[in-house]
Amino acid sequence: MPWGRACRRSAAEATSGKAEPLDNVEIARALAEVADVLEIQGGDLYRIRAYRNAVRTIEIQTRPLARMVAEGAPLTVLPAIGKEMAGHIRELVTTGTLAFRDSLLAEVPRTLVEVMRLPGVGPKKARKLWDELHVGSIDELEAAARDGRVAALAGFGEKTQAKILSGIEEDRQRTGRFLLAEAERFVEPLVGYLSECPQLERLEVAGSYRRRCETVGDIDLLATARDAAPVMARLLAYPQIDQVLMAGDTRSTITLGNGLQVDLRVVPPDCYGAALLYFTGSKEHNVKLRRRAVERGLRISEYGAFRLADGAGGGGEDGGVWIAGREEADVYATVGLAWIPPELREDHGEIEAAAAGSLPRLIEVGDMRGDLQMHSTWSDGRNTLEEMVAGCAAHGYEYMAITDHSKALAMVNGLDARRLKLQWLEIDAIRARHPEIHLLRAMEIDILADGTLDLEDEMLAGLDLVMVSIHSRFELPAEQQTARVLRALEHPQVNILAHPTGRKINRRKPIALDVEAVLARAAELGVAVEINASPARLDLKDTHAMLARELGCRIVISTDAHRIAELGTMRYGVDQARRAGLEPRHVLNTLSYPEFLHAIARPAAAARRR
DNA sequence: GCCGTTTTCGGCCCGACTGTTTTCAGTCG
């Protein structure tokens, strides 16, 4: 097959003079390297951040900066690009290199940055490892740690050495998958860019992205077009391409600057539905679907559904007669199934449910009537309480809870009883000014190491909503951690257990917790559990949320927004709820305000049993 | 280093806690 050839732009080509000018990916990478080395050198934090902000801007530009430079367009109109950055960009475009970056890299190797990212190692320790052991990469660090050279360094010790080794181990096991939200940040501009191609008819992102998995490995784009060539040409001209791995007539594979691999296939309209089904997966879902087809004398592939001649086996030279494939629903219909929402396609019982006509009416963002976790400038939020209220009102919510941190989180200016009372005064005033939304007095209260709460009981009684969560002592053994959480749930004032496992996807493992025991007890006590919609948390995760539903838990979805813009992350929580098969009736904050207040209250019987 | 102000510079998260080490980097939200 004429899949084309892989090609890679090398730095040598870029600097050879006859090559094309640097593209956005290379420009962003050069500035990121500056930020990395400045960090190791202990440079000014705000200066480092300025470079990182510039990188973020460049990463999502769909216009080539080189063209802007060539046309003399002002670069400083772009956010986070000032005089200095504009100068760097012009230098990179016109000379292919950046003297400032090169001078920084003369002092430390760029692989030292990976060393700095290990847990327990920061800029200072990375620098010391380089200066004293000449360790400049993860591999070199592993070797040094194995012969005990790391522990012998001043400022290091046996435990640090062991932590480094386990950190390297974890780093190696990391999946290389991207957070869904992070992938989205790169995919949405690409989809918008491709959509401007006049020959393009339909375009959809398939794969785990479409199933709304919490992380995605790569991106599968599926398109139909009368003529595939202009669509492929437009993809290959995308300014954010890092490498072209494959460039064929109907299929191309590229990587973007952040390493995300993107596959584009152009298929004929007659098999678009079948191909979308095939490339959306999951594999397990497809396998079961194909088996169901075989039972009915059919064959389903990415090209369509085919009726096999009597006695014909699957996969033979006679592929059967094409009977469907234009739309996904047509293909499902051939095996007697209703169309199944992508989020459910994990072979978790959705095919049986579709066959029985009992697919859930999945929850949607539009069902949400309130947001129940967010922070303001009273603790670590970036917007004032009133700004958050206005933000929630703009989202059309009927109610909201402001949940600043409690005093145990001193570093985020957590509230003690005195400041909480002051906040209540402000809440009273804001309630008067914002009759359009019900503002609940709430708090995200730390569960202390022994399972007690970080707020006095008499203050708890003054809250409309008590949310509890863990922000410390993540490493407790399972038995102790579970007992800690269970003790907190038993407190009769507690309404919601927030981000129950405390995980940060790709960054922090969940706490050792008997999730089933906690969910079961929460269900008995009438304590709701949260699906935290923050893209890096998504906690409860999909399977835990499914378990919560099965156990009869009350469930809420909230954003944990620390600024107005993050109120929009509700959709990621809803995505996970959909993957768990949740309907609006399973989620308390789809209820009207009076119904919600009634539903969130702890049943008296449960409180008495304490 | 950028931004926004109301044009020449201050704000931009940061500061208590932990573990390891013996003075401080890393962590947490």
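Two strands count as paired if DSSP finds at least two bridges between them. Helices (H or I, at least four residues) and strands (E, at least two) are themselves DSSP runs, numbered from the N terminus.

## Ground rules

This is a predicted model, in which local features need pLDDT of at least 70 and side-chain atom pairs count only at pLDDT 80 or more, while totals for chains, interfaces and linings use all residues. Residues are numbered from 1 along each chain as its sequence is written, with chains lettered from A and ligands numbered from 1 in the order in which they are written.

Let's start with the overall layout. Chain A is assigned domain 1 (7–105), domain 2 (112–173), domain 3 (178–267), domain 4 (273–355) and domain 5 (365–608); such bounds come from an automatic or database domain assignment. Taken over C-alpha atoms, the centres of domain 2 and domain 3 are 38 Å apart.

## Around the DNA

What sits around DNA strand B? There are 34 residues around the strand, and Ala50, Gly82, Gly122, Gly157 and Met411 come nearest. Here, "near" asks that a residue's C-beta atom, placed from the backbone, lies within 6 Å of the molecule or strand. Helix H3 (45–59), helix H5 (83–95), helix H8 (123–133) and helix H10 (158–173) each give at least two residues to this surface.

Sorted by class, the surface near DNA strand B has 16 nonpolar, 9 polar and 9 charged residues. For that tally, Ala, Val, Leu, Ile, Met, Phe, Trp, Tyr, Cys and Pro count as nonpolar, Asp, Glu, Lys and Arg as charged, and the others, Gly among them, as polar.

## Two hairpins in a row

Now for strand E6 (residues 241–247), which pairs with strand E7 (residues 251–256) in the antiparallel sense over 5 bridges. Isoleucine 241 has leucine 256 of E7 as its bridge partner, and the hairpin made by E6 and E7 has 3 residues between the strands.

E7 also runs antiparallel to strand E8 (residues 261–267), again joined by 5 bridges. One bridge partnership there links serine 252 with leucine 264 in E8. E7 and E8 form a hairpin with 4 residues between them, and glycine 259 in the turn has a positive phi of about 90°.

## A three-stranded sheet

Further along, an open sheet of 3 strands has the order E9-E10-E11, with antiparallel pairing. E9 and E11 are the edge strands with a single partner each, so one side of each has no neighbour in the sheet. Direction ignored, neighbouring strands here are turned by 35° against each other on average.

Strand E9 (residues 298–301) and strand E10 (residues 304–307) pair over 4 bridges, and a hairpin of 2 residues joins them. Arginine 299 has phenylalanine 306 of E10 as its bridge partner, whereas leucine 298 stands opposite arginine 307. E10 is joined in turn to strand E11 (residues 321–324) by 3 bridges, with valine 321 of E11 as the bridge partner of arginine 307. H15 lies across E9 and E10 and runs at about 155° to E9. Angles run from 0 to 180 degrees between N-to-C directions, and axes are lines fitted to C-alpha atoms, for helices over the stretch in contact.

## The seven-stranded sheet

Another open sheet has 7 strands in the order E12-E13-E14-E15-E16-E17-E18, and the pairing is parallel. Which strands stand at the edges? Strand E12 (370–371) and strand E18 (555–558) do, each with a single partner strand, so one side of each is left without a neighbour in the sheet. Within the sheet, strand E15 (residues 465–469) and strand E16 (residues 496–497) pair over 2 bridges, and methionine 467 has isoleucine 496 of E16 as its bridge partner.

## A pair of helices

Helix H21 (residues 478–490) and helix H22 (residues 515–525) have axes that come within 10 Å and cross at roughly 10°. That makes H21 roughly parallel to H22, a label for angles under 35 degrees (over 145 is roughly antiparallel, 65 to 115 roughly perpendicular and the rest oblique).

H21 contributes Thr482, Val485, Leu486 and Leu489 to the contact, and H22 contributes Ala517, Val518, Arg521, Ala522 and Leu525. Two residues are in contact if their C-beta atoms, placed from the backbone, lie within 7 Å. By class, this contact has 7 nonpolar, 1 polar and 1 charged residues.

## Backbone oddities

The peptide bond from glycine 281 to serine 282 is cis, with omega near -5°. Serine 282 is in the loop between helix H14 (272–280) and helix H15 (283–295).
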